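Here's a quick tour for anyone meeting this structure from scratch. Have a look at the sequence and the fold, then read on.

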Amino acid sequence: MAEEEVKFKVTIDGIPVDVAPGTTILNAARQIGGDIVPPAMCYYSKLEGSGGKCRTCLVKVSKGSEKDPRPMPKLVASCRTTVMDGMEVQNITSPDVLEARKGVVEMLLINHPLDCPICDQAGECKLQDLSYEHGVADTRYEFERRTFERIDIGDKIQLHMNRCILCYRCVYVANQLTEGREHGVIHRGDHSEISTFIENALDSDFIGNVIDVCPVGALTDKTFRFKNRVWFTKPVDAHRDCPTCSGKVTLWYKGEEVLRVTGRKDEYNEVEDFICNTCRFDTKQTSDWVLEEPTPVEKESVITANHYAEFNPPPVIKENPALQVANAEQLARTEKLK
Amino acid sequence: MQSLSNRKKVIEQKPMNFWERIYLPSIVKGLGITIRHFFKKIPTIKYPEEQRPYSKNFRGQHSLKRDEQGRERCTACGLCALSCPAEAITMTAAERTKGEEHLYREEKYAAVYEINMLRCIFCGLCEEACPKEAIYLDGPHVTADYLRKDFIYGKDKLVEPVFDIKKLNQENTN
């Protein structure tokens with residue numbers, strides 16, 4: 001007799017959902033989707049052991065379970081807490097949670113340089129979104145921010161330790177996708193910093209993925225450095241026949257030129273498939289790729305500026321041959337005067 | 001058809017009388033009005049030599065500002081271009097190299113910064129969007145020109161000239 005599948009019933013912000021035992025509250029909320037999903041800076045579903053570092057996903061458990069209905073004494077990190085049958089969770093409906101999240105954002109921003117105008121991640125930065133939604137406009141911190149020199153990890157990746165929020169995602173990528181641990185966090189507490197051992201250049205086919213997993217602008221693509229702002233480039237889904245990875249990527253176009261290649265990210269900013277360094281850094285010609293469609297972009301995102309859902313959007317102005325001839329003549333006249 | 005406003009008047013036209021027919025009184029009357037204006041206050045001014053006071057929030061030609069050490073403030077963050085409703089602004093960023101610290105304030109700067117003055121509607125949104133206080137629409141009117149290409153203002157026209165903050169302070173205090 002096949003055992004009946006056990007499902008736990010959880011209520012998040014009043015919305016019930018049935019999930020398998022062992023699911024975390026965060027993943028249960030993601031099954032519902034929408035506004036009630038707690039933000040996550042460090043949790044990454046594709047990386048084993050990630051989560052529990054940044055505390056932005058704090059939620060309030062107002063009822064522990066059906067058997068033990070007492071609420072949990074403190075706010076819990078939803079990415080690390082598994083659900084119980086009959087659990088009731090409050091996320092955006094609880095003022096405590098919002099208040100705590102505000103505090104967490106303030107803590108994350110204590111040492112952040114706030115150099116968004118320079119940072120290449122601006123526009124797709126999760127910390128920007130988070131502080132825009134939950135943060136306060138000014139800081140209460142009166143001391144010098146910790147500063148580091150920027151480090152080149154290999155010739156394609158740049159580390160701005162100033163911007164790092166110590167989410168450990170890149171460390172897990174380096175540990176889980178590559179052989180040999182060369183990337184880690186050294187020192188403790190306030191002094192901790194992401195580093196490779198004696199600034200080793202990391203040479204692994206998949207090390208470029210640390211750029212994609214980084215929720216802030218700490219690890220950025222050197223081949224894209226200062227090329228353009230994210231919101232002036234247009235993302236297009238494309239694929240190619242790659243011997244090492246799945247080859248499914250997003251190309252970021254400016255005009256005819258591919259400025260940047262990244263993995264395809266979903267709504268939680270997690271890549272579908274990790275891509276290899278050849279795809280990311282070396283193949284930046286349209287001829288290398290088979291284009292699929294412009295990447296769907298969230299309506300609120302800044303990247304929607306000038307973004308169309310199809311390759312050749314219908315013309316806004318009706319074609320007028322007489323006007324085209326006149327314009328060509330005028331252009332010729334101006335050229336002569338130059 | 002009946003008029004909607006009921007204010008329609010039918011104008012009577014009569015043949016001109018003797019005085020009207022010789023025209024001279026009308027000419028003298030008209031000339032009188034003209035001569036009277038010679039002694040009135042002139043409502044116009046001689047523009048380029050003489051200028052009316054401008055409103056404090058008048059928005060004229062853009063200028064890219066320098067900081068107190070004479071370094072360019074703009075970091076080519078692109079927020080002005082993003083906020084521009086007329087899409088008049090374009091820029092290309094470049095990285096500051098060693099030895100250029102006295103020229104540019106941040107590690108990134110605008111190598112090319114162009115505003116198409118024919119597109120610009122002088123709304124001032126770029127000024128509002130700028131996080132570095134680098135662009136202000138505090139210049140004079142944008143002057144007329146003959147060719148379209150001359151209306152694309154580059155950094156040569158936009159960046160304000162280098163100034164000495166100490167001298168300016170002294171002049172202000174004196």
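## Strands that pair up

First, a bit of vocabulary: two strands count as paired when DSSP finds at least two bridges between them. Keep in mind that you're looking at a predicted model.

With that in hand, go to chain A and find strand 12 (residues 248–254). On one side, strand 11 (residues 234–239) of chain A is joined to strand 12 by six bridges, and the two run antiparallel. One of the partnerships you can pick out there is His239(A) with Lys248(A).

Strand 12 of chain A also pairs with strand 13 (residues 257–263) of chain A, again in the antiparallel sense and over six bridges. Here Val249(A) sits opposite Gly263(A). The hairpin made by strands 12 and 13 of chain A has two residues between the strands, and Gly255(A) in that hairpin has a positive phi near 65°.

## A stretch with a UniProt label

Now slide back along chain A to residues 96–135. An unreviewed UniProt entry lists this stretch as "domain: 4Fe-4S His(Cys)3-ligated-type". In the model, residues 96–135 of chain A are 55% helix and 0% strand, with the end C-alpha atoms 15 Å apart.

## Where the chains touch

How many residues does each chain bring to the contact? Chain B puts in 14 residues and chain A puts in 10. On the chain B side, the largest share is three residues, and those come from strand 2 (residues 89–95) of chain B. Sorted by class, that side of chain B holds six nonpolar, six charged and two polar residues.

Methods. Residues are numbered from 1 along each chain as its sequence is written. Chains are lettered from A and ligands numbered from 1 in the order in which they are written. This is a predicted model: local features need pLDDT of at least 70, side-chain atom pairs count only at pLDDT 80 or more; totals for chains, interfaces and linings use all residues. Helices (H or I, at least four residues) and strands (E, at least two) are DSSP runs, numbered from the N terminus. UniProt positions are given in the numbering used here, feature names are shortened, and annotations may be inferred rather than shown by experiment. Two residues are in contact if their C-beta atoms, placed from the backbone, lie within 7 Å. Ala, Val, Leu, Ile, Met, Phe, Trp, Tyr, Cys and Pro count as nonpolar, Asp, Glu, Lys and Arg as charged, and the others, Gly among them, as polar.
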